[in-house]
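These are my notes on a structure I went through element by element, beginning with helices and ending with strands.

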Amino acid sequence: MAAALSLSLKLVCFHAFTISLLASNHLGQSADTYIVHMDSSAMPKPFSGHHGWYSSMLSSVSDASTPTGAAVTPSTTAKLIYTYSNSINGFSAIPGYLSSTPDLFVQPHTTRSHEFLGLRRGSGAWTASNYGNGVIIGLVDSGIWPESASFKDEGMGKPPSRWKGACVADANFTSSMCNNKIIGARYYNRGFLAKYPDETISMNSSRDSEGHGTHTSSTAAGAFVEGVSYFGYANGTAAGMAPRAWIAVYKAIWSGRIAQSDALAAIDQAIEDGVDILSLSFSFGNNSLNLNPISIACFTAMEKGIFVAASAGNDGNAFGTLSNGEPWVTTVGAGTMDRDLYGILTLGNGVQIPFPSWYPGNPSPQNTPLALSECDSSEEYLKIRGYIVVCITSEFIMETQAYYAREANATAAVFISEKAMFLDDTRTEYPSAFLLLKDGQTVIDYINKSSDPRASMAFQKTEMGTKPAPMVDIYSSRGPFIQCPNVLKPDILAPGTSVLAAWPSNTPVSDNFYHQWYSDFNVLSGTSMATPHVAGVAALVKAVHPNWSPAAIRSALMTTANTLDNTQNPVKEVSNDTVTALDMGAGQVNPNKALDPGLIYNASAEDYVQLLCAMGFTAKEIQKITRSSYECLNPSLDLNYPSFIAYFNDESSAPDELVQVFHRTVTNVGEGQSNYTAELTPLKGLKVKVEPEKLVFNCKHETLSYNLTLEGPKSMTEYLVYGHLSWVSDGGKYVVRSPIVATRMDPGMAPDFFGGF
């Protein structure tokens, strides 16, 4: 039997997967889905295609695994879920008696932005790229609401002949709902249903019933829509980053969850269909690079010339919390914009306190009594019905207090906390204000000193041009990426906070509401919202430079990014803390400069392979990622990347001084004959030098190399230092900037132990 099971298949799978019998006590367990890698070169000659081969193999295993005399039933028969032929060679299946690695579930990460990034009609990057015309952006998300005005196809041309995509019809979605804007719509839920067979899917089609996908799609490539707002907030013109780019939707998020097998099927098909850009606003999971099917699929996409933008995650500002940091992916952090959506609390003594707000309702309480309360039960609120209730809260009890306020039908509430709340968590269906302790103390002092404390609340306020902006928001996950710490991540920052974009008209704007409000546009925050901004800007670059590799496009975005806010000071966090490239990458994306970066850092699949070799991956492990055989000819952790990170954390008895040398090659994509001079910011406690200090190009597309050397104590005194290397062209037209981070942190430790900066 063992010989029959081996099938001489040279099977390659996650966690050294082998086909084997399960013990009899597994028979009563619910079936899971498993993702299997195959060596395509080992397909027996009788099979004409992989699908038949995989099906036959599963059938053989099921037959061999069924006890003698037992009936073959659906529970003992392996079921093929997906066949993958582009992103990986392999399949996903519900096994009858297979033992392997299970299909994991991962999570999604969530109008002023185009103006804030400098995009203007009739000039700059939009004009140079014809608004992204000719580029196809694929989004793996929760689907799309095709009736939204953001997806009208006025002025759009027909899809190119190279496009192989389709609009798949099903529940409340017909193929005619695609147009010359939405040129592809498919959906994938077999993995989800295999895990949750009793779950009812309300919209079994590409139609979006959750909103996340509609929001991200319109952010990346939505058409111009005049006069939009969110219940009076953020009134203006909505537009995606690439308003004339085509959109292809691959729905794989269901009820806020996404199975890796479904995401893999979506990416596999997107590669086959011919997308140019992929926008992925969900976590890939935390597996090692060779064990993560989404990581591997993105490697294949990169090989095919597809630029992949992925969200860094919303796990907060501790070092090492970042996800999706694969070196062949562009990882996006989230920042604020120069626009505040807010309300105003006016105390009876005339003091006005602004507070962030998305509350959409009317009317607002006027000249209403104020009262402090424990806020720990509905009864407490009932004692002071008709009052604006003031509660001392925290992130741990705020939700409970807000619930009691709702149950008691509170007139309004003020929640005072030491820590800023994530705006999505502060949506209530009654008037409320969320204040930090400083402003909250002003309210408490007023109540304690007044014989008749009163207040009024006003909402739907919008202020433009606020300063400073951008700021790295508190929720945005931080590097390094634990699975590949020698490549500095994240790569880039983009607007992710309070982003207004399209929304399904029949989906409530928040699932927190007992009272449900509906709107064609919604405000969301998260790295999910930042990612389609970068995908859209990448489409603009691709439209101007159609032959550039994904690495070249990423380089252009990074080396032209802004590191200063609109007060011309270094970007900070919303807490006003200092930030580094581990927080914001190279800086905030700058579309107008990215189209003409001067120099680029390129990288090929071979370069990534040599990085994997140096990281200690075996030939078989690398083959899982690359789907082909590569030789470790020149293993190196020093990838040709437009950023640098060095670790000075050697506790051994080695010499006291440590020297780290980075080798880089740049390609001249600017003016033909040009000279660039190196400029370095000092790094405290380290000696830094560049050789040569000047790059002299004789023609366009010429490549030149240099070395950056960092020398310092083997264990740094400073926890982390941060600076830049800039190559400045004669005359100053081009400033090609790369961030440098040096730290004594141990990237192998869990994020909780990294400490702060």
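I count a residue as buried when its relative accessible area is under 20%. The model is a predicted one, and I keep that in mind for each entry below.

**Helix H17**

With that cut-off I looked up helix H17, residues 619–626, and found its buried residues to be Ile622, Lys624, Ile625 and Thr626. Directly after H17 comes arginine 627, for which I noted a positive phi, near 65 degrees.

I then asked which residues of H8 meet H17. They are Ile296, Phe299 and Glu303, and on the H17 side the partners are Lys624, Ile625 and Thr626. Sorted by class, this contact of H8 with H17 holds 3 nonpolar, 1 polar and 2 charged residues. The axes of the two helices, H8 and H17, lie 7 Å apart, and the packing angle is about 65 degrees.

**Helices H7 and H8**

I next turned to the pair formed by helix H7 (residues 260–273) and helix H8 (residues 293–303), whose axes come within 9 Å and cross at roughly 5 degrees. Because angles under 35 degrees count as roughly parallel, I entered H7 as roughly parallel to H8. From H7 the contact draws on Gln260, Ala263, Leu264, Ile267 and Ile271, while H8 supplies Pro293, Ile294, Ala297, Thr300 and Ala301. By class I recorded 8 nonpolar and 2 polar residues in the contact of H7 with H8, and no charged residues.

**Nonpolar cores**

In soluble globular proteins, nonpolar side chains tend to be buried together, and with this in mind I looked for the cores. The largest nonpolar core has 112 residues, and within it Val140 and Trp328 have the most contacts. Helix H12, residues 527–544, gives the most to this core, namely 8 residues.

For tryptophan 328 I listed the contacts, leaving out residues up to four places away in sequence, and found Leu289, Ser295, Cys298, Phe299, Met302, Arg554, Tyr608, Leu612 and Ile625. Of these, Phe299 in H8 and Ile625 in H17 had already come up in the contact between those two helices. Apart from the largest core I noted another, of 41 residues, which includes Val228, Ile353, Val414 and Trp503.

**The sheet and serine 726**

I traced an open sheet of 5 strands with mixed pairing, in the order E25-E32-E31-E27-E29. Strand E25 (644–647) and strand E29 (694–697) are the edge strands, each pairing on one side only, and from one strand to the next the twist averages 20 degrees. Strand E31 (residues 720–729) runs antiparallel to strand E32 (residues 735–743), and 9 bridges join them; tyrosine 722, for instance, has valine 741 in E32 as its bridge partner.

Is serine 726, a residue of strand E31, buried or exposed? It is buried, because its relative accessible area is 8%, under the 20% cut-off. Its contacts, with neighbours within four places in sequence set aside, are Thr677, Ala678, Glu679, Val735, Val736 and Arg737. Between the C-alpha atoms of serine 726 and glutamate 679 I noted a separation of 5.1 Å, although the two are 47 residues apart along the chain.

**Threonine 709**

My last entry concerns threonine 709 in strand E30, residues 703–713, which is buried with a relative accessible area of 10%. Not counting residues up to four places away in sequence, threonine 709 touches Val659, Gln660, Val661, Lys687, Val688 and Lys689.

How values were computed:
Residues numbered from 1 in each chain as written. Predicted model: local features only at pLDDT ≥ 70, side-chain atom pairs only at ≥ 80, totals over all residues. Heavy atoms only, no water. Pairing = 2+ DSSP bridges. Helix = DSSP H or I, 4+ residues; strand = E, 2+ residues; numbered from the N terminus. Axes fitted to C-alpha atoms, helices over the stretch in contact; angles between N-to-C directions. Parallel < 35°, antiparallel > 145°, perpendicular 65-115°, else oblique. Contact = heavy atoms within 4.5 Å. Nonpolar A, V, L, I, M, F, W, Y, C, P; charged D, E, K, R; others polar. Core = buried A, V, L, I, M, F, W, Y, C linked by side-chain atoms within 4.5 Å. Buried < 20%, exposed > 50% of the residue type's maximum accessible area, 1.4 Å probe, protein only.
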